[in-house]
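Hi,

Here is the structure I promised to pass on. Have a look at it first, and then read on for what turned up.

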Amino acid sequence: MWRYIQQTMSSTIHSTDEEHQTKEMDIRSLSSSRRHPQNAPHIHKVGVPPKQNLFKEFKATVKETLFADDPLRPFKDQPGSKKFVMGMQTLFPILEWGRSYNFTKLRGDIIAGLTIASLCIPQDIGYAKLANLDPQYGLYSSFVPPLIYAFMGSSRDIAIGPVAVVSLLLGTLLQNEVDYKADAEAYRRLAFTATFFAGITQATLGFFRLGFLIDFLSHAAVVGFMGGAAITIALQQLKGLFGIQNFTKKTDIVSVLHSVFGAAHHGGKKNKKFFWVPAIAPLISVVLSTFFVFITRADKHGVQIVRHIEKGINPSSVKEIYFSGQFLLKGFRIGVVAGMIALTEAVAIGRTFASMKDYQLDGNKEMVALGTMNVVGSMTSCYVATGSFSRSAVNYMAGCQTAVSNIVMSFIVFLTLQFITPLFKYTPNAILAAIIISAVLGLIDFEAAILIWKIDKFDFIACMGAFFGVVFSSVEIGLLIAVSISFAKILLQVTRPRTAILGKLPGTTVYRNIQQYPGATKVQGVLIVRVDSAIYFSNSNYIKERILRWLMDEEEQLKSSFQPKIQFLIVEMSPVTDIDTSGIHALEELHKSLHKRDVQLILANPGPVVIDKLHASHFATTIGEDKIFLTVADAVSACSPKLVTEV
């Protein structure tokens, strides 16, 4: 009897609970149906990533910044001996590709090496003059550095040696500190010191994987700088070409042309009958012109000649480097500038030919290799060497296979230093000047300048700024202008990011820029704005004010056409990769300004970093969790359910 009563009471209570639960479900269902139409699609909420350990997050950020290519991946799960071998191959790539080296590759490298050697010997003598150094120092710089690079470099095509732009830059900067005519020894020692610090700069950037710093010098600025430097170098060769005795020490076009016309007015010594020798090739030109000057003794009739080149291979210059004293800081400053320019040129050349042959070039390895060769070079009487565009192009066209072509070139330079240098005594300066002019004219890239104009007008301003800075002022002023304009562009892009108003493409739920897609339609009562940048302290105030200006402009248009006012402002945040405290503060101020206008702020598709910071700052709670959506379409459907039903 008691058991029957218990079962009856339990049944009654259970029945009452079920009725109560059913009523609650009906109420929730009714409430839900009031908020969203029954046919409305399911709206996904933005996921908040789990909290990460601070140390792990910092470690991941550093790894992605400095080790994006994951260089240690091949070393995983390898025995100690294998790791050692792989480490040596990483430091000296020749140990890796040398195992598959064969006679076919050697034949191509010998032909290429002989070809670039015939080009580099006369060029080196001329480039040394650009740096205000004796001719042998140019040859020294094509002997030791190419050998070092052949063992440590990763490019198959780049040809190493002195280059015109760096030679001119180094000569100009050194001359500002020491007069090479008044104190040749101090000038030479400062050149070695600058070369040492140029190498240290390059190797340090590579070792700490900071190669991205050279990308701050934009391609447009480099094109302009190279073109201006080419004009300046070519003009300065008029001294040797016309045999002008008193020539300006300045590099700007006005001073150079003044010297040229002044010499012409006062009857500068010239002998045109010795300028008829056709330049079939640089070395042939040098040989023929030297021979004719020797047999006719034209040097006694006004033709200026090289006169003397020191015989023998590179002497040690370790003791000549300034490691203390007043020239230490000067050498460091000049070395950093020259090293960065040399690095920019070498990496650009290496990447160009690597893409043509479809192989990967490790930029950080290149920097370590270039830095090491210049450090060693500074201790063996060399000045700053880097990749030469003209020689690398010849190397490529001659069929080089590996860096062995640099070894062949170095060997030819070695033979030249040991046995042939006395024969260059009667080489006329005019032929060297002509060789340099023909070499540097290739640096003037009209097609690149035209393409830059078509693609980006601001880039073209950077290009022209660098060009005219070099031509009308000096190499260092042109370089300063190039770097300044490059940084100005970065600052402009960071502080003034692009924003756009979005509209719905007909027949879809896709929202795009109405300027790019004129057929996209605006949603009544809703303004959709996309921010195309991270929101930082540098641009947060601008972004807030720009969004408010978009809103004011839109409200004025709606008011003039008697349409309903804006009720919702949706900010599309998918391009916003990050946000800082200033950015959060700007959003808070935007929210307050919109609230005063009776406009609701809606956020669409914030990324994991952004949504995490929105929650950490409690801004997500301030505007409401229901105001953050996964897509713009979800946000619009929540703001304007009638539109979704119609679709």
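Let's start with one pair: Lys-489 and Asp-459 form a salt bridge, with N and O 2.6 Å apart. Lys-489 sits in helix 21 (residues 475-495) and Asp-459 in helix 20 (residues 457-472), so this contact ties together parts that are 30 residues apart in sequence. Both Lys-489 and Asp-459 are buried. Do keep in mind that this is a predicted model.

Next, have a look at Lys-544 and Glu-589, whose side chains also meet in a salt bridge, at 2.9 Å from N to O. Here the link is between helix 22 (residues 540-560), home of Lys-544, and helix 23 (residues 581-596), which holds Glu-589; the two residues are 45 residues apart. Lys-544 counts as buried, because its relative accessibility of 14% is under the 20% cut-off. Glu-589, on the other hand, is partly exposed at 28%.

Some of these contacts share partners: Glu-177, Lys-330 and Arg-333 are joined into one network of salt bridges.

Then there is Lys-357, which pairs with Asp-157 in a salt bridge whose closest N and O atoms are 2.7 Å apart. Lys-357 belongs to helix 14 (residues 326-357), while Asp-157 is in the loop between helix 7 (144-152) and strand 1 (159-161), so the pair ties together parts that are 200 residues apart in sequence. Asp-157 is buried, with a relative accessible area of 0%, whereas Lys-357 is partly exposed at 28%.

As for the total, the count comes to 13 salt bridges.

Cheers

Conventions: Residues are numbered from 1 along each chain as its sequence is written. This is a predicted model: local features need pLDDT of at least 70, side-chain atom pairs count only at pLDDT 80 or more; totals for chains, interfaces and linings use all residues. Side-chain values use heavy atoms; hydrogens and water are left out. A salt bridge is a side-chain nitrogen of Lys or Arg within 4 Å of a carboxyl oxygen of Asp or Glu. Helices (H or I, at least four residues) and strands (E, at least two) are DSSP runs, numbered from the N terminus. Buried means under 20% relative accessible area, exposed over 50%, partly exposed in between (1.4 Å probe, protein chains only).
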